[in-house]
Amino acid sequence: MTTGTTPATSSNTQAYGEAWYWDNRYAQDPSTFDWYQKYPSLAPLLRLYIPRHHPILVVGCGNSAFSEDMVDDGYDEVVNIDISSVVIEAMQKKYSNRLQLKYMTMDVRDMSAFDTKSFIAVIDKGTLDSLLCGHNSRQNAVKMLEEVWRVLKDKGVYILITYGSPVYRLPLLKELSWTIKLHVIDKLPSGNSSRLTRDLTSPIPLDANGGPQENVVGMDTDVHYIYVCVKDNSGKSEA
């Protein structure tokens, strides 16, 4: 359950939280596709925050090659969920011989099939964005984040890759006691000239209004924002 980079019609946008929308979409176009960023571009950041020998959850996996690339890079167990049974059945068949990869049909707003504190990391490339584009957006987003919090181990990390800037995403994320770091990555494909000079693994300092400092991220820079949210049970949220 993910969102694309191209505009959608109003009716389609509102259906992003519905299984039938994604079933139809994947039935019509089963070709492999990675939303936002591919694994190689994010690998340095994931290696920094996610240990390799613990269960990892990828939400809204679609038919991305992202999880396969994680396993190829040495991650032991990557569990993938999507609201679309069509795409999950296809991925189960595709990766039937890869024991490190598991695929399950599941709504990210209700992951009761997983025990509390099951995963060391949850990776989200656009699923929260999808819910925020649909009906009852904030209510659904909160349900999702509460479930992500529940299934994460203490000090586990939720990595959100999104087009949502800090002014829109931080107030939502701060409803739970995350310790938050912000990173940014250029949207331009690898090999193209990038306007972003800061290293991906260096967190972006936030100003008093919760936005990236202008001298670090230019106002015209076309980036994806990456929120690294560590589950903190101390009751204090930081950014």
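How many bridges join β5 to strand β7, and in which sense do the two run? To find out, work through this predicted model in the order below.

**Strand β5.** Select residues 152-162, which form β5. Of its 11 residues, 8 are buried, so the strand is largely enclosed by the rest of the structure.

**Its two partners.** Add β7, residues 223-231. The count is 6 bridges, and β5 and β7 run antiparallel. To see one of these pairings, pick Leu 160, whose bridge partner in β7 is Tyr 227. Next add β4, residues 119-125, which pairs with β5 over 6 bridges in the parallel sense. Here Ile 123 stands opposite Ile 159 of β5.

**The largest nonpolar core.** Now show Leu 57, Met 111, Phe 114, Tyr 158, Leu 173, Trp 178 and Tyr 227: these have the most contacts inside the largest nonpolar core, a set of 34 residues. Helix α7, residues 137-151, supplies the largest share of this core, with 6 residues. Centre on Leu 57 and display its neighbours; among them are Val 79, Ile 81, Met 111, Phe 114, Ile 123 and Val 151. Another core, of 32 residues, lies apart from this one and includes Ile 50, Val 58, Phe 66 and Ile 120.

**Helices α7 and α8.** Finish with α7 and helix α8, residues 166-173. Their axes come within 11 Å and cross at roughly 60°; the two helices are therefore oblique to each other. On the α7 side, select Arg 138, Ala 141, Val 142 and Leu 145, which meet Pro 171, Leu 172 and Leu 173 in α8. By class, this contact has 6 nonpolar residues, 1 charged and no polar.

Methods:
Residues are numbered from 1 along each chain as its sequence is written. This is a predicted model: local features need pLDDT of at least 70, side-chain atom pairs count only at pLDDT 80 or more; totals for chains, interfaces and linings use all residues. Side-chain values use heavy atoms; hydrogens and water are left out. A nonpolar core is a set of buried Ala, Val, Leu, Ile, Met, Phe, Trp, Tyr and Cys residues joined through side-chain atoms within 4.5 Å. Buried means under 20% relative accessible area, exposed over 50%, partly exposed in between (1.4 Å probe, protein chains only). Helices (H or I, at least four residues) and strands (E, at least two) are DSSP runs, numbered from the N terminus. Contact means heavy atoms within 4.5 Å. Axes are lines fitted to C-alpha atoms, for helices over the stretch in contact, and angles run from 0 to 180 degrees between N-to-C directions. Angles under 35 degrees count as roughly parallel, over 145 as roughly antiparallel, 65 to 115 as roughly perpendicular and the rest as oblique. Ala, Val, Leu, Ile, Met, Phe, Trp, Tyr, Cys and Pro count as nonpolar, Asp, Glu, Lys and Arg as charged, and the others, Gly among them, as polar. Two strands pair if DSSP finds at least two bridges between them. Lists of a residue's contacts leave out its neighbours within four places in sequence.
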